[in-house]
Amino acid sequence: WEVYAHPIFSKSGNFPPEMIKRIADKSAAQGFLRSRLPELSRAEVKFVHGTSDFFGLNHYSTSIVYRNESAPEIHPVPSFGDDLDIIAYQLPEWKIGSSNFTKYVPWGFRSLFNYISHQYGNPPILVTENGFATNGGIIDEDRVTYFRGYLNAVLDAIDDGVDIRGYIAWSLMDNFEWSKGYTERFGLYEVDYNDPNRTRTPRKSAYVLKEIIRTRSIDPNYEPDMSQPLTIDDGL
């Protein structure tokens with residue numbers, strides 16, 4: 001993502017210097033007459049630099065990366081993966097629930113906030129997507145755990161001095177999720193795809209998130225009364 005962030009938010013602008021050099025070196029070794037990475041002119045660097053109102057961040061999980069001699073052998077050449085020359089993996093203990101799509105690593109969220117803050121002069125950050133995938137079901141305890149943990153990570157990052165202006169949970173209701181189709185569910189509301197009316201039913205996470213917003217606090221022991229309809233209260 002720094003391919004896009006560095007030209008806008010860094011002090012120098014342009015693509016990251018390490019990226020420019022690495023792709024140029026690889027392009028030469030692969031027989032290209034010039035780098036596969038487009039070269040920005042001074043005017044283009046100046047035009048793009050600083051063109052933001054805030055740093056929009058989509059985040060779902062964390063990976064550990066490393067580089068060794070085997071890394072160049074596992075990616076097609078040329079490719080984005082080969083340019084990175086890394087191997088990424090996630091620890092098995094990060095998995096909660098039945099889905100393999102998202103993992104539970106709230107400390108990685110806090111770490112990312114601090115990296116952006118230190119790397120780019122603490123820009124205002126708006127979390128535009130953050131959520132957890134399940135395979136369906138109204139009692140979504142894993143999503144509740146995820147939101148509580150990740151919102152606590154947001155609070156920790158704010159205490160660290162990171163300028164976080166807002167947070168948007170992904171998503172309001174189940175939707176078509178790219179290559180996962182309708183098999184992975186992110187919604188606070190479950191959508192019945194077998195019903196012609198596509199009936200929406202609030203999950204436990206919807207009640208919990210509403211209580212967090214209403215009380216402006218994260219109560220780890222809160223248990224909602226799901227027999228009551230979920231409504232929008234005055235003042236929310």
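**Exercise 1. Find where Pro78 sits and describe the peptide bond before Pro78.**

Step 1. Pro78 is located in the loop between strand 2 (64–66) and helix 4; helices (H or I, at least four residues) and strands (E, at least two) are DSSP runs, numbered from the N terminus. Step 2. The peptide bond joining Val77 and Pro78 is cis, with omega about -5 degrees.

The model is predicted: local features need pLDDT of at least 70, side-chain atom pairs count only at pLDDT 80 or more, and totals for chains, interfaces and linings use all residues. Residues are numbered from 1 along each chain as its sequence is written, and side-chain values use heavy atoms, with hydrogens and water left out.

**Exercise 2. Describe the peptide bond between Trp170 and Ser171, and place Ser171.**

Step 1. A cis bond links Trp170 to Ser171, and omega is about 0 degrees. Step 2. Ser171 belongs to the loop between strand 5 (164–167) and strand 6 (189–191).

**Exercise 3. State the phi of Asn122 and of Arg216, then place and classify each residue.**

Step 1. Most residues other than glycine have a negative phi. Step 2. Asn122 has a positive phi near 55 degrees and lies in the loop between helix 5 and strand 4. Its relative accessible area is 27%, so Asn122 is partly exposed (buried means under 20% relative accessible area, exposed over 50%, partly exposed in between, with a 1.4 Å probe and protein chains only). Step 3. Arg216 also has a positive phi, about 55 degrees, and is found in the segment after helix 7. Arg216 counts as exposed because its relative accessibility is 80%.

**Exercise 4. Describe the largest nonpolar core and the contacts of Phe113.**

Step 1. A nonpolar core is a set of buried Ala, Val, Leu, Ile, Met, Phe, Trp, Tyr and Cys residues joined through side-chain atoms within 4.5 Å. Step 2. The largest one has 31 residues, and those touching the most other members are Phe55, Leu57, Phe109, Phe113, Ile116 and Ile125. Step 3. Helix 6 (141–159) is one of the elements that each supply at least two residues of this core; helix 6 gives the largest share, eight residues. Step 4. Leaving out residues up to four places away in sequence, Phe113 touches Leu57, Ile125, Val127, Val154, Ala157, Val162 and Ile164 (contact means heavy atoms within 4.5 Å).
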